[in-house]
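I opened my notebook and started looking things up. My entries follow in the order I made them.

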Amino acid sequence: PIVSNHLPLDRLIEPLRRCAQRDRHRVLVVLESPAEGWCRAFAADRQLPFIAASDRSDRADRITGLLGQEFETLVHETSERLDGGLLAALAGTVKAGGVMVLGVPFRVSESAADGMSSMFNRRFCRLLLELQLLFPDKVHLLASAASPARANSHAVLRSPESAMAPALHCAESEQTALLELARDYLLKHPRGSITITGRRGRGKSALLGRIAEWLIDRQIPVTVTASRRTSVTSVNRHSRHIIRFRAADEACRSGTGVLLVDEAGSLPIDTLIGFSTHHDQVIYCTTVEGYENAGRAFEIRFQQALKRTQVQCLALTPVLPWRWAPEDPLESLVDTLLLARVGQDIGLPDDCLPKAAEATNAEPARTAAAETMTVEAVDAAVANCRARQLTRTELADDEALLRAVFGLLRDTHYQTSATDLQHLLDAPDLQVWVLEHDRRIKAALLAIGEGSLPVPVHEAIVSKQRRLPNQLLPQLLAQCANDPQVLDRRYARIIRIAVASDCRRQGLGTRLLQHVEIELAMRPGVSAIGASFASDAGSLAFWQSNGYRRFHTGYRRNPRTGRQAVAVIKPFDATVARVAERAVDIHDDNQRCRQGQQSLPDTPLHDGSLLQRFARGERSVHDTYAALSRLGLRHALPLQYDGTLSRRRYESMLRKLVTDVIGQSVSTPDPQVDIRS
């Protein structure tokens with residue numbers, strides 16, 4: 001490997017590019033601890049695209065905007081905290097024969113030798129040094145201190161495909177075969193759907209473009225849609241015709257012959273289902289790698305929703321590399337770093353690999369017996385499992401264990417992304433618990449510590465003037481109950497429970513949860529355990545069967561899941577128990593009123609304080625519905641939103657009316673609202 005601090009980068013890039021073009025690979029050049037602004041200036045002088053991790057623009061929009069783009073040379077400068085998801089998205093834009101210049105603010109060899117506090121960064125450095133040994137002509141470190149001999153990697157870094165992987169003509173043959181399947185399906189099914197899913201660089205957009213070309217040649221109207229117009233550039237690149245583009249909302253309202261949906265994972269599930277309502281034939285194309293959760297939502301949630309529509313569907317999955325040749329070093333680094341292919345060609349022991357599981361937040365409540373096991377067999381299986389907490393160091397140093405835990409989390413929850421992997425290794429308040437049997441991970445649970453908020457911000461939180469990051473449970477409980485005294489308590493919020501698919505309905509999730517409850521209850525300062533998740537019957541039944549009570553149901557539905565958020569809690573502390581009881585009463589009262597059932601009297605629920613909060617804009621109509629309904633029985637209040645005004649103006653008008661009724665002084669209302677009308 002070239003290890004130099006004086007060789008001009010310009011002189012290095014061109015021979016590297018020729019080497020990469022020879023093998024249809026991409027080359028990686030890592031600049032260790034470059035001077036501030038050097039990478040940006042280098043890219044600007046040579047008119048190269050430059051992406052800095054410190055850019056203030058929205059990260060999700062930046063990643064979505066990169067989909068479908070291609071560059072010959074790209075310069076990326078990371079921050080001190082490496083962003084794995086952004087790195088993966090950027091790596092996917094470098095064409096075969098291209099070069100990625102990566103500036104990192106640390107010395108790779110020193111960090112790999114346990115010289116870095118971030119476990120994720122330390123693992124990245126070890127993998128990078130190992131990659132350099134595997135691909136000495138295509139991976140280069142530009143720093144005098146770099147020394148591959150100091151690598152001490154416990155990871156198993158493999159090339160993306162085996163050494164005997166087919167060449168480009170095999171990928172072209174695969175795509176031609178998939179094109180024939182798509183043609184036959186469209187001819188035989190005048191109403192149906194096709195999904196084209198796969199990893200980056202597998203020719204999905206090329207296949208979509210070739211299908212569009214065939215349809216247009218047959219004079220069949222074709223429209224393409226995506227979350228943004230630039231996403232369809234690659235589709236048009238692979239078709240002799242320019243395909244008409246329509247924005248997603250317009251495509252939902254107007255039908256056409258065949259609708260092509262590129263990067264479908266970036267669109268809400270309700271929108272995707274709506275396409276099937278207005279179009280006889282829809283072709284959905286998306287990346288499902290999962291370094292961002294959009295693709296995982298499509299792979300897990302949308303596929304289930306599509307089955308419920310009873311629309312015929314053909315699934316196409318190109319697997320051979322299209323944009324670059326097999327054994328590409330840049331893809332190998334990203335795959336290994338982000339565990340993109342857990343259980344696929346990575347040489348792990350079978351007993352460490354979790355099986356794929358259907359999407360859910362937790363296992364459903366245990367039935368009378370498991371599907372094929374007796375009650376006695378299930379109880380015996382649960383009894384033989386051992387629960388324990390894993391440390392960050394243990395996860396970072398044991399690659400097989402990390403892959404098993406993260407693979408289980410990823411395969412059971414659509415929102416698992418590269419960010420979750422970084423949290424797994426670096427988040428200081430994150431606890432990782434597992435249930436093991438015969439060295440195999442049967443279940444995993446993630447919990448994060450929250451609470452102990454300073455008194456000066458308590459009132460601002462309850463009045464929704466402040467919202468502190470990573471403090472969901474205490475803030476939501478205090479706001480729902482209209483009581484700030486629980487904000488100084490400590491909480492454990494469970495953010496994931498995952499059970500291997502072949503172990504579900506055996507009580508393993510309950511066993512692990514109960515073990516964690518006992519352990520946390522014995523630790524000083526933990527006053528309650530809770531969780532927040534997308535509401536569905538199975539998940540809610542699981543939590544309620546374990547003694548958790550629902551105290552909040554969100555108003556808006558998540559565009560990815562189409563479900564409302566739900567929060568549950570189990571208190572250990574008398575004060576938290578009393579406040580939680582009040583939050584549950586207010587929540588259930590609101591739910592009954594919305595369903596037209598008889599509500600509770602206002603005295604125990606303190607309607608007056610809730611209405612005052614509402615009048616000052618500190619509670620929503622949704623969370624104050626029962627109190628507003630009781631007030632409306634005595635005074636004419638327009639509680640049903642009819643859509644004639646914007647929701648903002650409607651709520652402003654309603655707050656003014658409530659203020660007049662209860663005689664509460666609030667800030668001047670919107671002067672554009674005529675409250676007398």
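**Entry: K570**

In which strand is K570 found? I looked it up: K570 sits in strand β18, which covers residues 564-571. I noted straight away that this is a predicted model.

Next I asked whether K570 is buried or exposed. Its relative accessible area is 18%. Buried means under 20%, so K570 counts as buried.

Then I looked at what K570 touches. I left aside its neighbours within four places in sequence. The contacts of K570 are E517, A528, I529, N546, G547 and Y548. I also checked K570 against W543: the two are 27 residues apart in sequence, and their C-alpha atoms are 9.6 Å apart.

**Entry: the whole chain**

I stepped back to the chain. I found 25 helices and 18 strands in its secondary structure. The chain has 677 residues, and 56% of them are buried.

How much area does the chain expose? The figure is about 28800 Å², with 49% of it supplied by carbon and sulfur atoms.

I looked at contacts between residues at least 6 apart in sequence. Of these, 73% join residues at least 24 apart.

**Entry: S193**

I went to strand β6, residues 192-198, and found S193 there. S193 has a relative accessibility of 1%, so I wrote it down as buried.

Which residue has its C-alpha atom 4.8 Å from that of S193? It is V282, and the two are 89 residues apart along the chain. V282 is also in contact with S193. Setting aside neighbours within four places in sequence, I listed the other contacts of S193 as Y185, S276, Y284, L306, V311, Q312, C313 and L314.

**Entry: cysteines**

C313 was on that list of contacts, and I looked up its exposure. C313 has a relative accessible area of 35%, so it is partly exposed. C19 has 13%, so C19 is buried. How many disulfides are there? The count is zero.

**Entry: α6 and α17**

Two packed helices are described by the angle between their axes and the distance between the axes. I looked up both values for helix α6 (residues 119-134) and helix α17 (residues 418-426). The angle is about 105 degrees, and the axes are 7 Å apart. Angles from 65 to 115 degrees count as roughly perpendicular, so α6 and α17 are roughly perpendicular to each other.

Which residues make the contact? From α6 they are M119, F120 and R123. From α17 they are L421, Q422, L425 and D426. I sorted the residues of this contact into four nonpolar, one polar and two charged.

I stayed on α6 and picked N121, which lies in this helix. N121 is buried, with a relative accessible area of 1%. Beyond its neighbours within four places in sequence, N121 is in contact with E80, R81, L82, F106 and M116.

**Entry: α24 and D623**

Why did I note α24 as largely enclosed by the rest of the structure? Seven of its 10 residues are buried, so the rest of the structure largely encloses it. The buried residues of α24 are Y625, A626, A627, L628, S629, R630 and L631. I looked up what they pack against: α22 (574-594), α23 and α25 (647-662).

D623 lies in the loop between α23 (607-615) and α24 (625-634). Its relative accessibility is 15%, so D623 counts as buried. Not counting residues up to four places away in sequence, D623 touches K464, H552, I586 and N590.

**Entry: positive phi**

Most residues other than glycine have a negative phi. I looked up two residues with a positive value.

E263 is not a glycine, yet it has a positive phi of about 50 degrees. Where is E263 placed? E263 is in the loop between β9 (258-262) and α11 (269-278). At 9% relative accessibility, I counted E263 as buried.

N482 has a positive phi too, near 55 degrees, and is a residue other than glycine. I found N482 in the loop between α19 (472-481) and β15 (490-499). Its relative accessible area is 12%, so N482 is buried.

Key
Residues numbered from 1 in each chain as written. Predicted model: local features only at pLDDT ≥ 70, side-chain atom pairs only at ≥ 80, totals over all residues. Heavy atoms only, no water. Helix = DSSP H or I, 4+ residues; strand = E, 2+ residues; numbered from the N terminus. Buried < 20%, exposed > 50% of the residue type's maximum accessible area, 1.4 Å probe, protein only. Contact = heavy atoms within 4.5 Å. Disulfide = S-S within 2.5 Å. Areas by Shrake-Rupley, 256 points an atom, 1.4 Å probe, with all protein chains shown as cover. Axes fitted to C-alpha atoms, helices over the stretch in contact; angles between N-to-C directions. Parallel < 35°, antiparallel > 145°, perpendicular 65-115°, else oblique. Nonpolar A, V, L, I, M, F, W, Y, C, P; charged D, E, K, R; others polar.
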